[in-house]
Amino acid sequence: MKPTTIGINRMYGDLAYLWPPFDAPIACDRGPSPMLPSLVIKGFHDRLLLSASSSWPRVRVVMDATDLLRKFFERLAIADERVLLLDYDGTLAPFQVDRDSAVPYPGIRTILGRILEAGHTRVVVISGRSTEDLLPLLGIKPHPEVWGTHGWERLMPDGTYFPAGIGAAAAEALDEAQRAIEDEGLGPHCERKPAGVALHWRGSDPAQVERLREIGRANWRHLCRDGALVLTEFDGGLELRVPGKDKGHAVSTVLDELSETAIVAYLGDDQTDEDAFKAIRGKGLAVLVRSENRDTAAEVRLTPPGELIDFLNRWHENARMTIERR
Ligand SMILES: [Mg+2]
């Protein structure tokens with residue numbers, strides 16, 4: 001799509017009226033006005049919602065979510081191949097202070113079970129958790145395809161398992177990172193994964209969060225020299241990861257296995273899902289599942305659990321119609 005310049009006709013609060021109006025997604029490489037630098041745009045036809053952000057070159061406008069979803073489900077209903085890609089924590093399951101008790105929202109297992117049983121859709125869960133950690137919480141039998149540890153592990157529905165395979169040097173560095181946190185007396189906050197170590201602070205007060213963040217960064221910074229490991233912050237903690245794979249890698253791998261006409265969506269909530277949103281853009285629907293808006297590469301936002309359950313029900317109903325027509 002060709003970049004275009006858009007002008008602001010008038011503004012009321014954070015609502016800007018555009019001239020000329022438009023009714024299609026437009027990617028912009030320039031801002032709405034030199035008077036308004038550092039703005040990110042979420043637009044609906046002739047209106048734009050503006051929010052402060054430093055990501056200036058990424059200004060873009062998206063179609064009204066209702067229209068976009070209606071068109072998406074129309075195509076889904078006549079598709080030959082459908083793939084539903086889902087993040088777990090914060091998307092299918094609400095966050096819990098005790099991360100081992102983060103089970104799906106009520107109704108999620110039922111609707112995903114129906115979708116899987118009907119056989120009209122390939123369901124793939126892509127999580128930052130290890131597959132071993134995730135399966136009992138997901139609680140769907142037989143389980144769908146699962147990618148764990150941000151795309152490092154893959155478990156197929158038939159039980160075929162592709163382990164992380166990170167190499168000896170990276171494994172040693174992760175051992176050291178884990179020991180450092182345990183030596184600080186923070187073992188219960190530390191989670192070792194096949195290709196990373198996480199330091200969790202969900203449920204801690206702000207002072208404790210700051211303390212954990214400082215301890216994590218101080219102990220792990222030197223392990224990131226030369227790019228051997230990378231340090232990222234997620235919703236509720238800090239994670240030291242082996243670079244080279246992320247959720248975008250998992251999404252791209254699955255997309256490469258599909259026909260050109262497959263209908264695909266990725267649903268996620270966290271910063272780590274932005275890699276997946278970017279990987280699916282132009283090839284499928286990127287959906288942010290979150291109560292609040294934020295700067296994102298996703299095209300649609302759903303507030304969980306209500307709008308999420310509606311989306312999954314709509315997916316099932318539209319896909320089922322095709323099966324029944326055959
Ligand atoms: Mg998440």
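Q: Two strands pair if DSSP finds at least two bridges between them; what makes strand 10 and strand 11 a pair?
A: Strand 10 (residues 153-155) and strand 11 have 2 bridges in the antiparallel sense, so they meet the definition of pairing. L155 stands opposite Y161 in strand 11. Helices (H or I, at least four residues) and strands (E, at least two) are DSSP runs, numbered from the N terminus.

A word on the model: it is predicted, so local features need pLDDT of at least 70 and side-chain atom pairs pLDDT 80 or more, while totals for chains, interfaces and linings use all residues. Residues are numbered from 1 along each chain as its sequence is written.

Q: What makes strand 11 an edge strand?
A: The open sheet has 8 strands in the order 11-10-9-8-7-16-17-18, with mixed pairing. Strand 11 (161-162) and strand 18 (300-302) each pair on one side only, which makes them the edge strands.

Q: How do you know that the span of helix 4 agrees with its number of residues?
A: The expected span is 1.5 Å times one less than the number of residues. For the 16 residues of helix 4 (residues 168-183) that gives 22 Å, and the end C-alpha atoms are 22 Å apart, so the two agree.

Q: Why are the buried residues of helix 4 said to be on the same side?
A: Buried means 20 or more other C-beta atoms within 10 Å of a residue's own, exposed 12 or fewer, with C-beta atoms placed from the backbone. A170, A173, L174, A177, A180 and I181 are the buried ones. They cover an arc of only 120° around the axis (taken from the directions to the C-beta atoms), which puts them on the same side of helix 4. The face turned away carries the exposed A168, E172, D175 and D183.
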